[in-house]
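The following exercises concern local geometry, packing and strand pairing. Each task is followed by a solution that proceeds step by step.

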Amino acid sequence: METDKGVVLATERYGSAESWKYVSKDGVMERRRDESEGHSGGNSVFGVFKSVFLPQGYPESVSDDYLQYQFWDTMQAFSSSLSGTLATQASLRGVGVGNQEATVAAATVTWLLKDGTGMLGRILFAWRKGSKLDSEAKKWRLFADVLNDIAMFMEILAPYFPACFTFIVCTAGIFKSIVGVAGGATRAALTVHQARRDNMADISAKDGSQETLVNLAGLLVSLILIPLVTDNPVLTLCLFFLFTVLHLFANYKAVRSVVMETFNEARLSIVLQQYLKDKRILSPPEANQREPVFFEFRQTVPIKLGVRLQEIAQSPEDLQLALKENSMPYLLGVRNGCVCVCLGPEASVSDEIRAMCQAVVLSNMLSSSNSREATGAAPKQQKGHWEMVHESHKLMDAIFNPFLKGAEAAGWDMKRTLIDWDEWRVEWKTKSS
């Protein structure tokens, strides 16, 4: 390509930034900005900002929901920083800072008890709930921030109850330790989702830079707030509630903005229910908008995944009933009002998705049966549990393959899941013919 300005030899672009041309003129190769795209002086400033605070290759190197999530995450971090300043001031006053009658030893003991109980709480929570944090990252992320606000509120109130001060701050310390585990672990799970080029370390590092900048801004604002709230409990509580409302709203918007393309129990159930209703497959954005982000306490038939064989079959007859109409590497059964799924060692990701779908169908059958019992339906109209299991096998044989293909076409990642399976794997023998 020849122009009056020379011959264009090549063009280059850094990610999605502006384009450059290499031009040959009079035997010399020059590098020039591509003027056809246009540019402004602000681009260089924005380029510096991107390189400092955003992952390399942004926006191609991250998920589509990255910017919206980070905006709301920044808002919640800022408000949490201000709330934390108010709570820290109250804690320091409670242990005796500014009080001539307080002793260093008493303050040290209180602080050590607070830290010690927090460490124990961190270990126990990670032991009991660690495996749930991947599959329900949104719920636990929001739970962690609500618990953090409760802990800070307790710290603000603690100095006004000196007789119970140590107990209150220790309880708050346990809550904050849970927040540390749940918040950190779910942030890691969201980083895995956001990384599109296996760049989890870069995303995590830049997230740390963003958080540091926000905390610095919060620190500057706190320097203005501290003189205003000192010895003014009414203003302290008013500001705390204001920051807490902003914090919770921003957190809700943040987790709502996340669009995960992998199935967990909730998203798979939502997509399957819609498919059974009108044969339509929900896209990841549609299903994520319907996914609950708060823990629910309504009465549903629970589902246990990856259980031991004895949870399903109590006798050889039960095992044969579980194998009837079933050619898949998993077994289903009902025990104590729960749908139990026993997985074989050779089960694939597709088998796991099918097993979860069938468990959802069986759970719906049991819920419908229970509701009819509650309304006084005749016993003859009620189906046995094994009959329901066999019906669910036939239904899966008819709908699962079209459902699987439709889900993949709708944009769901079918190569992996976030379904929370326990580690039991069972090999069973069928009755010889």
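**Exercise 1. Strand pairing**

How many bridges join β6 to strand β7, and in which sense do the two strands run?

Solution. The model under study is a predicted one.
Step 1. Strand β7 covers residues 338-343, and six bridges join β6 to β7. The two strands run antiparallel.
Step 2. A specific pair illustrates the register: Leu332 has Val341 of β7 as its bridge partner.
Step 3. The pairing belongs to an open sheet of three strands, ordered β5-β7-β6, in which the pairing is mixed. The edge strands are β5 (303-305) and β6 (330-335), each of which pairs on one side only. From one strand to the next, the twist averages 20 degrees.

**Exercise 2. A hairpin**

Determine how β3 and β4 pair, and identify the residue with a positive phi in their hairpin.

Solution.
Step 1. Strand β3 (residues 19-25) pairs with strand β4 (residues 28-33) in the antiparallel sense, over six bridges.
Step 2. Within this pairing, Arg32 in β4 is the bridge partner of Lys21.
Step 3. The hairpin has two residues between the strands, and Asp26 takes a positive phi near 55 degrees.

**Exercise 3. Helix packing**

Classify the packing of α9 against α13, and describe the residues that form the contact.

Solution.
Step 1. Helix α9 comprises residues 265-278 and helix α13 residues 385-409; they pack at an angle of about 115 degrees, and their axes are 12 Å apart.
Step 2. Angles of 65 to 115 degrees count as roughly perpendicular, so α9 is roughly perpendicular to α13.
Step 3. The crossing of α9 and α13 is right-handed.
Step 4. On the α9 side, the contact is made by Leu268, Val271, Leu272, Tyr275 and Leu276; on the α13 side, by Ile399, Pro402 and Phe403.
Step 5. The residues of this contact divide into eight nonpolar, no polar and no charged.

**Exercise 4. The environment of Gln358**

Is Gln358 buried or exposed, and which residues is it in contact with beyond its neighbours within four places in sequence?

Solution.
Step 1. Gln358 is placed in helix α12 (residues 349-374).
Step 2. The relative accessible area of Gln358 is 0%. Buried means under 20%, and therefore Gln358 is buried.
Step 3. Leaving aside neighbours within four places in sequence, Gln358 is in contact with Tyr330, Leu332, Val389, Ser392, His393 and Met396. One of these, Leu332, is the residue whose bridge partner in β7 is Val341.
Step 4. As a further distance, the C-alpha atoms of Gln358 and Ala126 are 30 Å apart in space, while the two residues are 232 residues apart in sequence.

**Exercise 5. Backbone features in loops**

Describe the peptide bond joining Tyr58 and Pro59, then compare the settings of Asp198 and Glu325.

Solution.
Step 1. The peptide bond joining Tyr58 and Pro59 is cis, with omega at about 5 degrees. Pro59 lies in the loop between α1 (42-53) and α2 (66-94).
Step 2. Asp198, a residue other than glycine, has a positive phi near 55 degrees. Asp198 is placed in the loop between α6 (165-194) and α7 (200-229).
Step 3. Glu325, also not glycine, has a positive phi near 65 degrees. Glu325 is found in the loop between α11 (316-323) and β6.
Step 4. The relative accessibility of Asp198 is 74%, so Asp198 counts as exposed. For Glu325 the value is 41%, so Glu325 counts as partly exposed.

Note on methods: Residues numbered from 1 in each chain as written. Predicted model: local features only at pLDDT ≥ 70, side-chain atom pairs only at ≥ 80, totals over all residues. Heavy atoms only, no water. Axes fitted to C-alpha atoms, helices over the stretch in contact; angles between N-to-C directions. Helix = DSSP H or I, 4+ residues; strand = E, 2+ residues; numbered from the N terminus. Parallel < 35°, antiparallel > 145°, perpendicular 65-115°, else oblique. Left-handed = near helix turned anticlockwise from the far one by under 90°. Contact = heavy atoms within 4.5 Å. Nonpolar A, V, L, I, M, F, W, Y, C, P; charged D, E, K, R; others polar. Buried < 20%, exposed > 50% of the residue type's maximum accessible area, 1.4 Å probe, protein only. Pairing = 2+ DSSP bridges.
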